[in-house]
Amino acid sequence: MPEFKRYLVNIDSNSTHQLFTDCLVIGAGIAGLRAAIEAAECCNVIIVCKDTLENSNTWKAQGGIASVLNKTDTFESHISDTMKTGCGLSDEGVVDFVVRQGPELIEQLLRWGTEFDQIDGRIATTLEGGHSHQRVAHAHGDETGRGIAEALIRKVCEKPNIKIIEHFYTVDLLTNDDNECVGVIGHDKQRPSGADQIVWAANTILATGGAGQLYRETTNPEVATGDGIAMAYRAGAIFQDLEFVQFHPTTLYIAGASRALITETLRGEGAVLLDSEGRRFMKAYHESAELAPRDIVSRAILAQMLETNTTHVYLDVRHFDKEHFSKRFPQIFELCEGFDIDISRDLIPVRPSAHYMVGGVKTDISGRTSLRNLYACGEIASTGLHGANRLGSNSLLEGLVFGKTTGQLACQHKETGVVHIKHPLIKYQIPPSNRTRLDAADVTNSLRALMWRNVGITRTTQPLSEAQEIIVFWQRYVMDKIFDTPQGWECQNMLTVCLLIARSAQMRQESRGVHFRSDFPNIDDEHFKKHIEITR
Ligand SMILES: Cc1cc2nc3c(=O)[nH]c(=O)nc-3n(C[C@H](O)[C@H](O)[C@H](O)COP(=O)(O)OP(=O)(O)OC[C@H]3O[C@@H](n4cnc5c(N)ncnc54)[C@H](O)[C@@H]3O)c2cc1C
C-alpha cells in the first residue's frame with residue numbers, strides 16, 4: 001500500500017492566492033445550485049465547478065423527478081416504493097422526510113421557471129420502473145435536467161451575494177488541527193497551472209455529484225470522476241455503501257458513440273426489450289418484465305447477451321406514434337436520427353452502463369458529514385434515502401431536498417468575519433519523486449476497463465481481489481507524483497475511489513440491491529443488513 005498522502009499537492013497557505021466566503025459550494029448540479037440559493041438567504045456564497053455550469057449529471061437527466069403530484073397517489077405509496085427498492089437499507093425517517101417535501105419543492109421550481117410538461121394546467125406525470133403510481137414529472141419531454149438546471153442557474157445569477165467560478169478544479173478539502181473543514185485548495189483555469197488558489201470558508205458544501213467515469217461504459221459526463229469522494233476520504237470523512245453502484249440497463253450501444261442514456265420512461269410508456277433473435281425476454285426474468293427494478297433488468301440483459309453471444313440487445317419502440325415520440329422524447333429522437341435509426345422501422349441497440357453512485361459520504365438527515373463545517377448533498381452523499389438501490393427519479397428529488405437543508409445549515413452556522421481570523425497556517429510538503437514519468441490518461445483508461453471487467457454488474461471474489469491488487473500496484477507509482485493539471489489529479493482520485501469501491505464490494509458477501517455477487521447470490525440479512533462504512 002503506498003504511503004498515504006493527506007493532500008495531493010504542496011501547500012503553503014502564506015504564499016497562495018486566497019479568497020474568503022461564508023459558504024463555499026463545490027459543484028453546480030441540482031444539489032449545489034439549490035444549496036447556494038438557500039445559503040444566499042443569509043450568507044455570502046461562492047460556487048465553484050470544474051467545467052461550465054452546463055456540464056453535470058443534472059443537465060443530462062432525462063426521465064424526470066419523482067413526487068406525489070396526483071390525487072390518486074399518496075406519500076405512503078412513494079415511501080413504500082422507495083423502501084422496497086432500497087432492499088432493507090433505506091432509512092425510513094429519511095425517506096419520509098424527502099418524499100413529503102417533494103410537491104412543495106417542485107411547485108417552487110415551477111415558480112422559478114422550470115417548464116414542467118403539463119396536462120390541463122397541472123404538472124404531467126408518468127410511470128417508471130419500481131413506482132406503483134404515475135409520479136415522475138418531466139420538462140421539455142426528456143430534457144428534465146436541463147429544464148431544472150436552467151431555472152436554478154437563473155435564480156443563482158439573480159443573487160448579488162453569490163459568486164460563480166467556473167473551470168475551478170477543487171483538488172483538496174483543507175482541514176485544521178481540530179479536523180474541521182476550513183475550505184479548499186484548487187486550480188482556477190484563469191490562472192497559471194497548479195493548485196494555486198485557496199478558498200477559506202466557514203461552511204463547505206460538497207455537491208460534486210457522481211462517479212460514473214470510473215467505468216469504461218457510463219452515462220455520466222466527463223466531470224463525474226468521483227473527485228469529491230476522494231478528497232473527502234483524504235480529509236477523513238466517513239463513507240457508507242460504496243459498493244452500491246447502479247448500472248442503467250439501456251444506453252445506446254453504437255461503436256464510437258458516447259453511451260447516451262435511453263430513459264426508462266420509454267419502457268414505462270410501452271417500449272419492450274428484444275434479444276438479437278427478436279425474442280422479448282424480460283418476462284422470463286421478472287413478473288414486471290421491462291418495468292422490473294434497474295438492477296434486475298441490467299443483469300437480465302447481460303444474461304441474454306451471453307446466451308445469444310452478442311454485445312447488446314434492442315429496445316423496440318416501433319409501435320410508438322413517430323410524431324408523438326419526437327415531441328415526448330426529443331433528445332432520444334434526435335440521437336437516433338443522428339445514427340440513421342428510424343424509430344418507426346428500426347430497433348435501438350442498447351446495453352447497460354454505470355449510471356449512479358448510490359453510496360457516498362455519510363450524512364445525517366440534514367446533510368452533516370462526520371467532519372465539522374462540511375456538509376454533503378446530491379449524488380456524492382449517502383443520506384439513507386436509497387439504501388441498496390435507487391428508485392428511478394428519486395435522485396433529482398434528493399438533490400433538491402438536501403440542497404435546501406445544507407444551505408439552511410450554512411445559514412445557521414455562519415460566523416460572519418470569523419473565517420477571516422480563524423483560518424490556519426497550512427504547510428504541506430510532498431517529498432519529490434524520482435520515479436519514472438507516466439501517462440495519466442493511459443492509467444485512467446486501463447483503470448476504467450478494469451472496473452468494468454472486475455467490479456461491474458456481476459461480482460465475485462477472485463476478480464475483486466485481482467482488481468484491488470492491480471489498483472494498489474498502480475497507486476505505488478501514481479500517488480507519489482505531484483501533478484499540476486486536473487488530468488493528473490483526476491487519475492489519482494479515480495485510483496483512490498476505485499479501490500474503496502472494490503474493497504466495499506469484497507466485504508459485502510451477499511447480493512442486495514444493485515450489488516450482485518455470483519458467489520453469494522442471496523440476501524444475507526443475518527450478517528449484512530447493515531451499512532458498510534469506510535474511513536481513512
Ligand atoms: C444521463 C443521465 C440521466 C439521468 N436521469 C435522471 C432522471 O431522469 N431522474 C433523476 O432523478 N436522476 C437522473 N439522473 C441522475 C441525476 O441526474 C444525478 O444523480 C443528479 O443530477 C446529481 O446531481 P448533483 O447536484 O449531485 O451532481 P451533478 O449534477 O453531477 O453536479 C456535480 C457538479 O460538481 C462539479 N464538480 C465535480 N468535481 C469537481 C471538482 N473537483 N471541483 C469542482 N467542481 C467539481 C461538477 O463540475 C458539477 O458542477 C441521471 C443521470 C444521468 C447521467
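**Buried residues, domains and ligand shell of the model**

At 4% relative accessibility, Arg267 counts as buried. This value, like those that follow, was computed from a predicted model. The place of Arg267 is in helix 7, which spans residues 265–268. Neighbours within four places in sequence aside, Arg267 is in contact with His248, Pro249, Thr250, Leu273, Glu290, Leu291, Val297 and Leu315.

Ala271 is found in the loop that runs from helix 7 to strand 15 (272–274). With a relative accessibility of 1%, Ala271 counts as buried, because the limit for a buried residue is under 20%. Residues up to four places away in sequence not being counted, Ala271 touches Leu266, Glu290, Leu315, Asp316, Val317, His319 and Phe320. Glu290 and Leu315 are thus listed among the contacts of Arg267 and among those of Ala271. Ala271 and Gly367 stand 96 residues apart along the chain, and their C-alpha atoms are separated by 38 Å.

The protein is divided into two domains, of which domain 1 comprises 11–112 + 142–244 + 358–422 and domain 2 comprises 245–355. A distance of 30 Å lies between the C-alpha centres of domain 1 and domain 2. Across the boundary, 19 residues of domain 1 are in contact with 24 residues of domain 2.

The ligand is surrounded by 37 residues, and those that come nearest are Thr58, Gly63, Gly64, Glu379 and Ser395. By class, the residues of this shell divide into 13 nonpolar, 19 polar and five charged. At least two shell residues each are supplied by helix 1 (30–39), helix 2 (57–60), strand 10 (168–175), helix 6 (227–235), strand 17 (348–357) and helix 11 (394–412). Polar atoms of the protein approach the ligand at several points. A polar side-chain atom of Ser395 lies 2.7 Å from a nitrogen atom of the ligand. Backbone atoms also take part: a backbone N or O atom of Ile30 lies 3.2 Å from an oxygen atom of the ligand, and for Ser393 the corresponding distance from a backbone N or O atom to a ligand oxygen atom is 3.4 Å. Taken alone, the ligand exposes 1000 Å², and the protein buries 98% of that area.

Helix 6, one of the elements that supply shell residues, is mostly covered, with nine of its nine residues buried. These buried residues are Asp227, Gly228, Ile229, Ala230, Met231, Ala232, Tyr233, Arg234 and Ala235. Just after helix 6, Gly236 takes a positive phi of about 105°.

Positive phi values were also found at residues that are not glycine. Most residues other than glycine have a negative phi. Asp120 nevertheless has a positive phi of about 50°. Its position is in the loop between strand 5 (118–119) and strand 6 (122–123). Asp120 counts as exposed, because its relative accessibility is 76% and the limit for an exposed residue is over 50%. Asn373, likewise not a glycine, has a positive phi of about 70°. Asn373 lies in the loop between strand 18 (360–362) and strand 19 (374–376). At 10% relative accessibility, Asn373 counts as buried, whereas Asp120 counts as exposed.

Thr16 is found in the loop between strand 1 (11–12) and strand 2 (17–26). A relative accessible area of 13% places Thr16 among the buried residues. The side chain of Thr16 reaches the backbone oxygen of Asp12 at 2.7 Å. Apart from neighbours within four places in sequence, Thr16 is in contact with Asp196, Gln197 and Ile198.

Leu464 lies in helix 14, which covers residues 461–478. Its relative accessible area is 0%, and Leu464 is therefore buried. Neighbours within four places in sequence again left aside, Leu464 is in contact with Asn454, Val455, Arg459, Ala502, Ala505, Gln506 and Arg517. Leu464 and Pro192 are 272 residues apart in sequence, and the distance between their C-alpha atoms is 40 Å.

Terms used. Residues are numbered from 1 along each chain as its sequence is written. This is a predicted model: local features need pLDDT of at least 70, side-chain atom pairs count only at pLDDT 80 or more; totals for chains, interfaces and linings use all residues. Side-chain values use heavy atoms; hydrogens and water are left out. A residue is near a molecule or strand if one of its heavy atoms lies within 4 Å of it. A polar contact is a pair of N or O atoms within 3.5 Å; within protein, one must be able to donate a hydrogen and the other to accept it, and residues adjacent in sequence count only if both atoms are side-chain atoms. Accessible areas come from the Shrake-Rupley method with a 1.4 Å probe; for residues, only the protein chains shown count as cover. Helices (H or I, at least four residues) and strands (E, at least two) are DSSP runs, numbered from the N terminus. Ala, Val, Leu, Ile, Met, Phe, Trp, Tyr, Cys and Pro count as nonpolar, Asp, Glu, Lys and Arg as charged, and the others, Gly among them, as polar. Buried means under 20% relative accessible area, exposed over 50%, partly exposed in between (1.4 Å probe, protein chains only). Contact means heavy atoms within 4.5 Å. Domain bounds come from an automatic or database domain assignment.
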